[in-house]
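Open the model in your viewer and keep the selection panel handy. We will go from one selection to the next, with a short note on what to look for at each stop.

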Amino acid sequence: MSSGSSAPSSASSAPAPSGAGAGPAAGPDGLATGFLDAAMALLARVRAEEAGTIAAAGTLLAETAASGGRLFAFGAGHSALPAQDLVYRAGGLALMNLLAGPGLVGVDVRPATLGSALERVEGYATAVLDSSPLRAGDALVIISLSGRNALPVELAQAARARGVRVIGVTSVAYAEGTTARNPSGTFLKDHCDVVLDNKIAVGDAELSVEGIGAPFAPASTVVTSAVLQAVMASAAGALLERGVEPPMLRSGNVDGGHDWNAEVFATYRDRIFYQH
């Protein structure tokens with residue numbers, strides 16, 4: 001089931017950022033407000049246009065968990081941030097695990113540009129999968145804003161070939177406004193069971209003003225993290241509908257939180273990999 005709105009954002013066919021228009025006031029307060037307005041507008045679009053795919057992604061995760069499958073999330077570079085936000089966090093689904101490889105988790109290498117280069121290395125995705133616990137019947141969330149590089153495309157292809165169901169979180173605008181940068185000539189969105197479009201315009205910058213040479217104020221992390229937390233909420237509801245209490249984590253900074261989490265870890269120790 002490949003789904004998701006294919007309508008481009010209002011700025012996907014032009015270099016101007018999606019928050020552009022009359023433009024915010026150039027002062028610090030005006031620019032701050034302009035960014036927040038742009039981010040809220042993107043979230044409103046996601047709510048209006050992606051409700052069905054958010055529900056489909058939540059259902060896929062719930063079906064996987066209810067049948068004994070394991071859940072993983074992957075992102076490289078800054079796309080790793082929303083993936084990490086799903087794993088071992090207060091109020092989060094305890095079953096979410098991070099799939100990672102050297103040089104891919106945020107900007108954890110020096111120079112930081114090496115991480116960008118690794119996303120274009122053919123065959124690296126297979127190496128990451130080979131060293132991971134993923135198996136048939138699991139589910140994998142792959143986050144890639146552009147979805148054009150070898151790593152996310154090959155990872156989605158290889159995971160599905162192994163019987164893993166894939167949810168892609170990406171900007172469809174990139175597939176419409178850029179060329180693929182991998183041998184298949186395809187994008188992440190072409191190799192997923194569910195596609196979530198975060199509506200981010202090509203370039204990931206919401207503001208531009210005279211005197212600043214490049215567009216600025218990226219919103220992809222804010223929007224993608226919100227989309228994925230909506231998916232987690234949907235998955236929790238879908239599990240409850242199936243008669244399964246969702247294993248949610250509590251904050252360790254509230255009384256009883258550690259004891260609660262210890263019970264969850266013990267119950268699901270065979271599906272939680274960040275504990276060992």
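Start by selecting glycine 168 and valine 195: valine 195, in β5, is the bridge partner of glycine 168. This is a predicted model, so please take each stop in that spirit.

Now widen the selection to strand β4, residues 165-170, together with β5. These two strands pair in the parallel sense, over four bridges.

**The whole sheet**

Next, bring in the other strands. You should have an open sheet of five strands, ordered β2-β1-β3-β4-β5, with parallel pairing. Which strands stand at the edges? They are β2 (96-98) and β5 (194-197); each has a single partner strand, so one side of each is left without a neighbour in the sheet. Turn the view to follow the twist, which averages 20° from one strand to the next.

**The strand β1**

Select residues 71-75, which make up β1. Is this strand enclosed or open to the outside? Five of its five residues are buried, so β1 is largely enclosed by the rest of the structure. In a regular strand, side chains alternate between the two faces of the sheet. Colour Leu71, Ala73 and Gly75 for one side of β1, and Phe72 and Phe74 for the other: both faces are covered, and all of these residues are buried.

Then look at the partners of β1:

- Towards β2, the pairing is parallel and runs over three bridges. Pick leucine 71 and you will find methionine 96 as its bridge partner in β2.
- Towards β3, five bridges join the two parallel strands. Here phenylalanine 74 has isoleucine 142 as its bridge partner.

**Helix α8 on the sheet**

Show residues 220-241, helix α8, which packs on the sheet. The helix touches β2, β3 (139-143), β4 and β5, and its direction makes about 165° with that of β3.

**Helix α2 against α8**

For the last stop, add helix α2, residues 51-66. How do α2 and α8 pack? Their axes are 7 Å apart, at an angle of about 50°, which makes α2 oblique to α8. The crossing of α2 past α8 is right-handed.

Show side chains where the two helices meet. From α2, the residues include Ile54, Ala55, Ala57, Gly58 and Leu61; on the α8 side, look for Ala230, Val231, Met232 and Ser234, among others. Coloured by class, this contact has 13 nonpolar residues, three polar ones and no charged residues.

Note on methods: Residues are numbered from 1 along each chain as its sequence is written. This is a predicted model: local features need pLDDT of at least 70, side-chain atom pairs count only at pLDDT 80 or more; totals for chains, interfaces and linings use all residues. Side-chain values use heavy atoms; hydrogens and water are left out. Two strands pair if DSSP finds at least two bridges between them. Axes are lines fitted to C-alpha atoms, for helices over the stretch in contact, and angles run from 0 to 180 degrees between N-to-C directions. Contact means heavy atoms within 4.5 Å. Buried means under 20% relative accessible area, exposed over 50%, partly exposed in between (1.4 Å probe, protein chains only). Angles under 35 degrees count as roughly parallel, over 145 as roughly antiparallel, 65 to 115 as roughly perpendicular and the rest as oblique. A crossing is left-handed if the near helix is turned anticlockwise from the far one by less than a right angle, and right-handed if clockwise. Ala, Val, Leu, Ile, Met, Phe, Trp, Tyr, Cys and Pro count as nonpolar, Asp, Glu, Lys and Arg as charged, and the others, Gly among them, as polar.
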